Amino acid sequence: MLFTGTHIHKLDRKGRVSVPKRFRAALEADGFAGIYVYESPKEPTIEGCSESHMERIAASLDDMELFSDEAEDLADTILGASHALPFDGEGRIILPPELIEYAGITDQVAFVGRGRTFRIWNPDAFADRKTASRTRLVNRGSTLKLKPALSMPARAASVAASSDDDLPEDDA
């Protein structure tokens, strides 16, 4: 499951918004036809993820010291304030009013992929964030060291296999 790109969608007056088709397909393949959302603890945005990612968050909290202040704060902020939002028949969710207010969303939302998770932003706020992020990257001279490929992903393997079948045979 990989969430990428920035997708701007209209928010109606009932708080309904269509989730990008590629995001929906990945989320539905994960087993829950919907998304999990909660307030970002660091930005005025909504964090979004799959059910399996929420399970990873819960398991990570279980590894923390029981009843520690940090574990309690993280559990309250993420698990205690999360919402499971099912898709309707048209692939929309209803964003809770408190999350709309928290993220400063008005009539449009930006779904922004972050790999295994995504964020839901006010598009203008995300534009500012994107510019600031790019400036920091350039000023730091940031680079990314890619992890080695362990194996070819299943989709790429099937494409490679079908491509080999389409090649003409050697006439040697």
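## Glu 72 and its charged neighbours

Glu 72 sits in helix H3, which covers residues 69-79. This is a predicted model, by the way. At 33% relative accessibility, Glu 72 falls in the partly exposed class, because that class lies between the 20% and 50% cut-offs.

Glu 72 also belongs to a negative surface patch. Its other members are Asp 69, Glu 70, Asp 73 and Asp 76.

## An odd backbone angle at Phe 67

Now for the loop that links helix H2 (51-62) to H3: that's where you'll find Phe 67. Its phi is positive, at about 65 degrees, even though Phe 67 isn't a glycine. Most residues other than glycine have a negative phi.

Is the Phe 67 residue buried or exposed? With 62% relative accessibility, Phe 67 counts as exposed, since the bar for that label is anything over 50%.

## The chain as a whole

Zooming out, the chain has 6 helices and 8 strands. Walk along the sequence and they come up as β-β-α-β-β-α-α-β-β-α-β-β-α-α.

If you look at contacts with a separation of 6 or more, 61% of them in this chain join residues 24 or more positions apart.

## Surface and interior

How much of the chain counts as buried? The figure is 32% of its 172 residues. As for the outside, the chain exposes about 11600 Å², and carbon and sulfur atoms supply 52% of that area.

Definitions and conventions: Residues are numbered from 1 along each chain as its sequence is written. This is a predicted model: local features need pLDDT of at least 70, side-chain atom pairs count only at pLDDT 80 or more; totals for chains, interfaces and linings use all residues. Side-chain values use heavy atoms; hydrogens and water are left out. Patches are made of residues with over 30% relative accessible area and no salt bridge: like charges are joined within 9 Å, nonpolar side chains (Val, Leu, Ile, Met, Phe, Trp, Tyr) within 5 Å. Accessible areas come from the Shrake-Rupley method with a 1.4 Å probe; for residues, only the protein chains shown count as cover. A salt bridge is a side-chain nitrogen of Lys or Arg within 4 Å of a carboxyl oxygen of Asp or Glu. Lys and Arg count as positive and Asp and Glu as negative; His and the chain ends are not counted. The place of a charge is taken as NZ of Lys, CZ of Arg, CG of Asp or CD of Glu. Helices (H or I, at least four residues) and strands (E, at least two) are DSSP runs, numbered from the N terminus. Buried means under 20% relative accessible area, exposed over 50%, partly exposed in between (1.4 Å probe, protein chains only). Contact means heavy atoms within 4.5 Å.
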